[in-house]
Amino acid sequence: VQLQASGGGLVQAGGSLRLSCAASGRTFSIYAMGWFRQAPGNEREFVAAISWTGGSTNFADSVKGRFTISRDNAKNTVYLQMNSLKPEDTAVYYCAASRVFGTGAYDYDYWGQGTLVTVSS
């Protein structure tokens with residue numbers, strides 16, 4: 001599976017962004033999809049995940065109520081809608097694909113290249 005993340009950019013605190021991750025290669029619908037982020041000097045951390053059918057989702061406590069994750073299997077794309085953004089959300093965001101519905105980076109087999117989100121105060 002090849003993953004291409006997009007949609008990052010510069011936004012003011014309180015604003016919104018929608019990230020997209022387009023997949024190609026193996027059948028997209030058999031993979032759970034996740035979003036992770038990594039800020040400078042920090043380890044990569046889990047943000048959100050969605051199951052194969054989209055029926056189940058999971059979020060890090062830091063983003064619950066502000067971020068939503070969705071997928072369109074017909075378009076081989078997963079989305080991360082980010083609302084009420086905070087400066088601490090600034091990071092490179094990575095999408096990833098997994099055969100299991102997990103929250104650890106070790107659960108994920110395929111990774112996109114990352115897209116930078118910068119939230120100004």
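# A selection tour of the model

Select phenylalanine 46 to begin: its relative accessible area is 15%, so the residue is buried. The coordinates are those of a predicted model.

**Aromatic rings**

Keep phenylalanine 46 selected and add phenylalanine 36. The count of aromatic pairs comes to five. Phenylalanine 36 and phenylalanine 46 make an edge-to-face pair, with 5.7 Å from centre to centre and 75° between the planes. This pair links distant parts of the chain, since phenylalanine 36 is in strand β4 and phenylalanine 46 in strand β5 (residues 45-50), 10 residues apart. Is phenylalanine 36 buried or exposed? Its relative accessibility is 1%, so phenylalanine 36 counts as buried.

Next, add Tyr108 and Trp111 to the selection. Ring pairs link Phe36, Phe46, Tyr108 and Trp111 into a cluster. Stay on tryptophan 111 and show arginine 44, which lies over the face of the tryptophan 111 ring, 4.8 Å from the ring centre. For another arginine placed over a ring, select arginine 99 and tyrosine 31: arginine 99 lies over the face of tyrosine 31, at 5.6 Å from the ring centre.

**The disulfide**

Now select cysteine 21 and cysteine 95. The structure holds one disulfide, and it joins cysteine 21 to cysteine 95 with an S to S distance of 2.1 Å. The link of cysteine 21 and cysteine 95 is right-handed, with 60° about the S-S bond. Where does each half of the pair sit? Cysteine 21 is in strand β3 and cysteine 95 in strand β9 (residues 91-98); the two are 74 residues apart, and the pair links distant parts of the chain. Cysteine 21 has a relative accessible area of 0% and is therefore buried. Cysteine 95 also counts as buried, because its relative accessibility is 0%.

**Salt bridges**

Show the side chains of Arg, Lys, Asp and Glu for this stop. How many salt bridges does a search of the whole structure find? The search finds four salt bridges.

Start with aspartate 89. The side chains of aspartate 89 and arginine 37 meet in a salt bridge at 2.9 Å, N to O. Aspartate 89 is in the loop between β8 and β9 and arginine 37 in strand β4, 52 residues apart, so this pair links distant parts of the chain. Both aspartate 89 and arginine 37 are buried; for aspartate 89 the relative accessibility is 1%.

Leave aspartate 89 selected and add arginine 66. The side chains of arginine 66 and aspartate 89 meet in a salt bridge at 2.7 Å, N to O. This pair, too, links distant parts of the chain: arginine 66 is in the loop between β6 and β7, aspartate 89 in the loop between β8 and β9, 23 residues apart. Arginine 66 is buried, because its relative accessible area is 11%, under the 20% cut-off. Add Glu45 to complete the picture: Arg37, Glu45, Arg66 and Asp89 are linked in a network of salt bridges.

Then move to aspartate 61 and lysine 64, whose side chains meet in a salt bridge at 3.1 Å, N to O. Aspartate 61 counts as exposed, because its relative accessibility is 66%. Lysine 64 counts as partly exposed, at 48%.

**Loops and backbone**

Switch to the backbone and select asparagine 76, in the loop between β7 (67-72) and β8 (77-82). Asparagine 76 is not a glycine, yet its phi is positive, near 55°. With a relative accessible area of 27%, asparagine 76 is partly exposed.

Serine 84 comes next, in the loop between β8 and β9. Serine 84 has a positive phi of about 50°, and it is not a glycine either. Its relative accessibility of 42% makes serine 84 partly exposed.

Select threonine 57 in strand β6 (residues 57-59). Threonine 57 is partly exposed, with a relative accessible area of 40%. Draw a distance from its C-alpha atom to that of threonine 90: the two atoms are separated by 22 Å, and the residues are 33 apart along the chain.

**Surface patch**

For the last stop, turn on the surface and select Ile30, Trp52 and Phe101. These residues make a nonpolar surface patch of about 240 Å². Isoleucine 30 is found in the loop between β3 (17-24) and β4 (32-38). Its relative accessible area is 34%, so isoleucine 30 is partly exposed.

Note on methods: Residues are numbered from 1 along each chain as its sequence is written. This is a predicted model: local features need pLDDT of at least 70, side-chain atom pairs count only at pLDDT 80 or more; totals for chains, interfaces and linings use all residues. Side-chain values use heavy atoms; hydrogens and water are left out. Patches are made of residues with over 30% relative accessible area and no salt bridge: like charges are joined within 9 Å, nonpolar side chains (Val, Leu, Ile, Met, Phe, Trp, Tyr) within 5 Å. Accessible areas come from the Shrake-Rupley method with a 1.4 Å probe; for residues, only the protein chains shown count as cover. Helices (H or I, at least four residues) and strands (E, at least two) are DSSP runs, numbered from the N terminus. Buried means under 20% relative accessible area, exposed over 50%, partly exposed in between (1.4 Å probe, protein chains only). A disulfide is a pair of cysteine sulfur atoms within 2.5 Å. Rings of Phe, Tyr and Trp (its six-membered ring) pair if their centres lie within 6.5 Å; planes under 30 degrees apart count as stacked, over 60 as edge-to-face and the rest as tilted. A charge sits over a ring if NZ of Lys or CZ of Arg is within 6 Å of the ring centre and within 35 degrees of the ring normal.
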